[in-house]
Amino acid sequence: MDLTQHIHTFSHYLKARFGERVHKLSLAGDFTCPNRDGTLGRGGCSFCNVRSFGRHAAELSIAEQITREKRKTDRARRYLAYFQAYTSTYAEVETLKALYDEAARQSDVVGLCVGTRPDCVPDAALDLLADYQQRGFEIWLELGLQSAHDATLERIRRGHGLAAYRDAVARARQRGLAVCTHLIAGLPGETDSDVDATLATVLDIGVQGLKLHPLMIVRGSRMAAQFRRGEIAPPSLDAYADTASRLIRHTPASVVYHRVSATAQAPTLIEPAWCGPRWDALQAIGERLQRDGVQGSAVGAPWIAVPHA
Ligand code: SF4
């Protein structure tokens, strides 16, 4: 299934911009996060186990990680350095600059993607990213929001509300930085309408990119204990594919989907098992978009959530 026929994918966006494939390399700076170091809390967001961040490798320098990650991927001539693990703006700006510079110095690195929390992007960090952008680098600020509902954010112990997200996006956009927002479908206590309202709010605030994830229960997270007690359950493949395809159809075609599902492997992944294979969710989402309409085809139409079994 070629998803680019139905979705404005990040790979397609990059190919259009650079004229060739560009690969994203996942890196780990030596960061922590305020929801783990005691500033806001110690246990982290309830879905998070930072060990599940792929290929965590903070013991290596950024240059060494880039070399290692390039060996693991199909050959490309250009790469984006993705600071993924923890909160990748959570340090003094001099530290951030040293880490980002190390990536930007590699001759085949054409851009940076920086994953962080909305309450951890001071003006100095945004100014630094804007400076790389002015020098011609492709820059994406990836903000974890997960839900636009403060009650949900409190329930999953995010330690910030929607207001922090609004503020971060406004300051990023003042500097012309592209924002990619991470959302989770299937969070405890949320209905289809809640997820729809989250997307509507994010689109209303303004966003250039989106990452959709299903709720995954991973070992070592607070949710793993809730799951074992029978208090929560992740979505089925059908339920997630219904939700994701509905959200994509209501998203303007100009917004770039960096990801529409997620994968993890046992023993880190507890449930849902369908998040193990890479293609199952993509196939199911693609089939629905082929049947019901492509990205953007439902913009302006009523949100009709299909009840699932
Ligand atoms: S999801 Fe991000 S902000 Fe939340 S605990 Fe994990 S690293 Fe920290």
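Salt bridges in a predicted model

Trainee: How many salt bridges does a search of the whole structure find?
Mentor: The model is predicted. Side chains of opposite charge can pair when their charged atoms come close. Searching the whole structure for salt bridges gives a total of 21.

Trainee: Which residue forms a salt bridge with R17, and in which strand is that residue?
Mentor: The closest N and O atoms of this salt bridge are 2.1 Å apart, and the partner of R17 is E138. The pair links distant parts of the chain, 121 residues apart, with R17 in helix α1. E138 lies in strand β4.

Trainee: Is E138 buried or exposed?
Mentor: R17 has 42% relative accessibility and counts as partly exposed. For E138 the relative accessible area is 4%, and buried means under 20%. E138 is therefore buried.

Trainee: How far apart are the closest N and O atoms of K24 and E142?
Mentor: K24 is in strand β1 and E142 in strand β4, 118 residues apart along the chain. K24 is partly exposed at 28% relative accessibility, whereas E142 is buried at 0%. In their salt bridge, the closest N and O atoms are separated by 2.8 Å.

Trainee: Where in the chain is K70, which meets D108 in a salt bridge?
Mentor: The N to O distance between D108 and K70 is 2.6 Å, and both residues are buried. D108 sits in the loop between α3 and β3, 38 residues from its partner. K70 belongs to helix α2.

Trainee: Which residues do salt bridges that share partners join into one network?
Mentor: Shared partners connect these salt bridges to one another. The residues of the network are D123, D127, D167, R171 and R175.

Conventions: Residues are numbered from 1 along each chain as its sequence is written. This is a predicted model: local features need pLDDT of at least 70, side-chain atom pairs count only at pLDDT 80 or more; totals for chains, interfaces and linings use all residues. Side-chain values use heavy atoms; hydrogens and water are left out. A salt bridge is a side-chain nitrogen of Lys or Arg within 4 Å of a carboxyl oxygen of Asp or Glu. Helices (H or I, at least four residues) and strands (E, at least two) are DSSP runs, numbered from the N terminus. Buried means under 20% relative accessible area, exposed over 50%, partly exposed in between (1.4 Å probe, protein chains only).
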